[in-house]
Amino acid sequence: MSTEVPERRASFAEFLPYLRGHVGLLVTAGAVSLVATALALLQPLMVQQLINAVGAGTDWTPFLWLLVAITLGQAVFSAGQSYLLQRTAESVVLGVRRSLVGQLLRLPVREFDARRVGDLMSRVGSDTTLLRSVITSGLFEIVSSVLMFAAAVVLMILLDPLLFSITVSAVLGGAACVVLLGSLIRRRSRQVQEAVGAMAAAVERGLSGIRTIKAAVAEDREAALIDREAVGAYRAGVAAAKLQAVVEPIMSICIQGAFIVVLTVGGVRVADGSLALGDLLAFILYLFLLVLPIGSALGAFVQIQAGLAALDRIQEVARLEPEAGDEDGLTPGRTASAAPEVRFDGVSFGYDDGGEPVLADLSFSVPAGSRTAIVGPSGAGKSTVLGLLERFYEPAGGTITYDGVPLTAIPRRELRSRLGLVEQEAPVLSGTLADNLRISAPDATPARMVSALESVGLGDLVERSETGLGLNLGEDGVRLSGGQRQRLAWARVLLADRPVLLMDEPTSAVDSRTEQLLQRTLSEAARSRTVVVVAHRLSTIADFDRILVMDRGRVVASGTHATLVQSSALYRDMAVRQRLVQHA
Ligand SMILES: Nc1ncnc2c1ncn2[C@@H]1O[C@H](COP(=O)(O)OP(=O)(O)OP(=O)(O)O)[C@@H](O)[C@H]1O
């Protein structure tokens, strides 16, 4: 369980920018809340007038009606205030969620390598929810409580300074203890949220790999892992609860003490005639008005601490540098060419700064309109080459060019919109066939979608489905076979019609008949495109214009299948193992 608490802590001032755009609603809520507070303060005065009028034998009915009207009015304004605040809070949360989600999707791939998806999800979900309480119970409760408190204090002093001074000292003593406990509460809240984030990450890990876990009969071990995180969240929650549990009794002892003193001293003074009964009752009602805001301000204080701890976690993500996507420097005419040349010049790269280099001084070119394959042993750096072309990562040295233009001079989004990528894992997103096809071609017509599916042998998927392209593929596309998932990824990039096709082991999951169909489709597509295919299965790329053999981050040989079988021992070895050639 991760319970480390970074030094940096969000201040309340950092929360204020999130209120931008909601000032109008907040001011209205503030005005409504002021009226509700004023009406609440008038109630004891009316009670005092009513009781004293009854005691003096004068007409008391006007006071009764006024009291009823004030009570009803106060209820209506309180309801209005509550609604306006909740609404504002919901829109603040919506704003934060929007910007957080936008930020998350724009983070560099490198950030996701280092973070747990479940934890990021809990920042968007539960942490943003905690912000809501900063506004509702937090911000406003505190402001209106302070107002109510101050007004009650003034009116109590006016009613009876002696009673006031002996009671309020007890209440203030308790409040001082609570404020001192505040920073501890905040620290504990942050730990609770960290622990919940860690638990969400563990659940995400378990559920996303559910088949692997079941197949490995590892449910119990995985459940124990999640349980450990859940116990961590429980412990952090209990630790926070202990603090909150101490805070409340401290306050109630002080408050009860204040009531007992007021009732005793006040009762004696009413008995000896030095205080009117109406004045004592009004004083006690004001004491309620003094105590209630202390209670809610206390709750609000705790909520604000939890909200600010959530803000820390939200800002941690918000402060991450998103991927830049709109740099200047592109010559659109050049990169828009139908089939560009792609070139690596002395490129070096490692995933960890200062760690083992994955690519070392890598140089090769992919001629415009060619079909080029990259082959080589596992871990040679083949997929990394595609990742660098997509600018998921930046090289540490050397240059990569697209039609002679360095990739760094091409806005990322524009570059990516010229590359069609079929990933090694061929991820399918939950949703329908059409949803999946539209990811890269949002305007594709149903006819084009069907034709793309037919070109990869998935036409029957639409034909057999009652809902056609609306066929639901299930969570993460579980209703498709491995080969179907791979072909869907093909259909997706073919539909997107990009000048460059990057394919990472695109036939690893299909049978040899389907492989032949895909080869024909690829030859067709390659007529107007530059194609780079990473392959283990040499049969897929044996007829390619050029094959690069990579080993340990370098190109160690290049040529056609026929020449490489002669010139490269590594390639020949692979070809022999795959029975493409006889033993040399
Ligand atoms: N996201 C990552 N973070 C850290 N290291 C990585 C990451 N991705 C790959 N690597 C490492 O980089 C090296 C090259 O990986 P890469 O995936 O490019 O190899 P590959 O030739 O495509 O292998 P394969 O044929 O098995 O797919 C490997 O040692 C791998 O462990």
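Which residue of β2 does V342 stand opposite?

1. The answer is V366, which V342 faces in strand β2. Before going further, please keep in mind that this is a predicted model, and that the remarks below describe what the model shows. Strand β1 covers residues 342–349 and pairs with strand β4, residues 397–402, in the antiparallel sense over five bridges. On that side, the bridge partner of V342 in β4 is Y402, while D345 stands opposite T399 of β4. Strand β1 is also joined by five bridges to strand β2, residues 359–366, and these two strands run antiparallel.

2. These pairings belong to an open sheet of four strands, whose order is β2-β1-β4-β5 and whose pairing is antiparallel. The edges of this sheet are formed by β2 and β5, each of which pairs on one side only. As general background for a first reading, strands of a sheet pair through backbone hydrogen bonds, in either a parallel or an antiparallel arrangement.

3. What links β4 to β5 at the end of this sheet? Strand β5 spans residues 405–406, and two bridges join it to β4, with the two strands running antiparallel. Y402, already mentioned as the bridge partner of V342, stands opposite V405 in β5. The hairpin of β4 and β5 has two residues between the strands, and in it D403 takes a positive phi near 55°.

4. A separate set of pairings involves strand β8, residues 530–534, and here the sense is parallel. Four bridges join β8 to strand β3, residues 371–375, and the two run parallel; within this pair, I374 has V534 of β8 as its bridge partner. Strand β7 also pairs with β8 in the parallel sense, over five bridges, and L501 has V531 of β8 as its bridge partner.

5. Is strand β8 largely enclosed or open to its surroundings? Five of its five residues are buried, so the strand is largely enclosed by the rest of the structure. In a regular strand the side chains alternate between the two faces of the sheet. In β8, T530, V532 and V534 point one way, whereas V531 and V533 point the other way, and all of them are buried.

6. The domain assignment divides the protein into domain 1 (12–318), domain 2 (331–418 + 500–506 + 528–584) and domain 3 (422–497). The centres of domain 2 and domain 3, taken over C-alpha atoms, are separated by 26 Å, and six residues of domain 2 are in contact with six residues of domain 3. On the side of domain 2 that touches domain 3, the largest share, three residues, comes from strand β7, residues 500–504. By class, that side of domain 2 has three nonpolar, one polar and two charged residues.

7. V422 deserves a closer look, and its place is in strand β6, residues 419–422. Why does V422 count as buried? The reason is that V422 has 24 C-beta neighbours inside 10 Å, and a residue is called buried when 20 or more other C-beta atoms lie within that distance of its own. Leaving aside neighbours within four places in sequence, V422 is in contact with A489, W490, V493, M503, D504 and P506. One of these residues, A489, is 67 residues away from V422 along the chain, and yet the C-alpha atoms of the two are separated by 5.7 Å.

8. The surroundings of the ligand can be listed in full, and they consist of D113, Y351, V358, S378, G379, A380, G381, K382, S383 and T384. The largest share of this shell, three residues, comes from helix α11, which covers residues 382–389. When the residues of the shell are divided by class, three are nonpolar, five are polar and two are charged.

9. Finally, the unreviewed UniProt entry lists "transmembrane region" for residues 21–43, 63–85, 139–158, 164–185, 250–271 and 283–304, and two of these listed stretches can be set beside the model. Over residues 21–43 the chain is 91% helix and 0% strand, with the end C-alpha atoms 36 Å apart. Over residues 63–85 the chain is 100% helix and 0% strand, and there the end C-alpha atoms lie 32 Å apart.

Terms used: Residues numbered from 1 in each chain as written. Predicted model: local features only at pLDDT ≥ 70, side-chain atom pairs only at ≥ 80, totals over all residues. Buried ≥ 20, exposed ≤ 12 C-beta atoms within 10 Å, placed from the backbone. Contact = placed C-beta atoms within 7 Å. UniProt positions renumbered as here; feature names shortened; annotations may be inferred. Pairing = 2+ DSSP bridges. Near = placed C-beta within 6 Å. Nonpolar A, V, L, I, M, F, W, Y, C, P; charged D, E, K, R; others polar. Domains from an automatic or database assignment.
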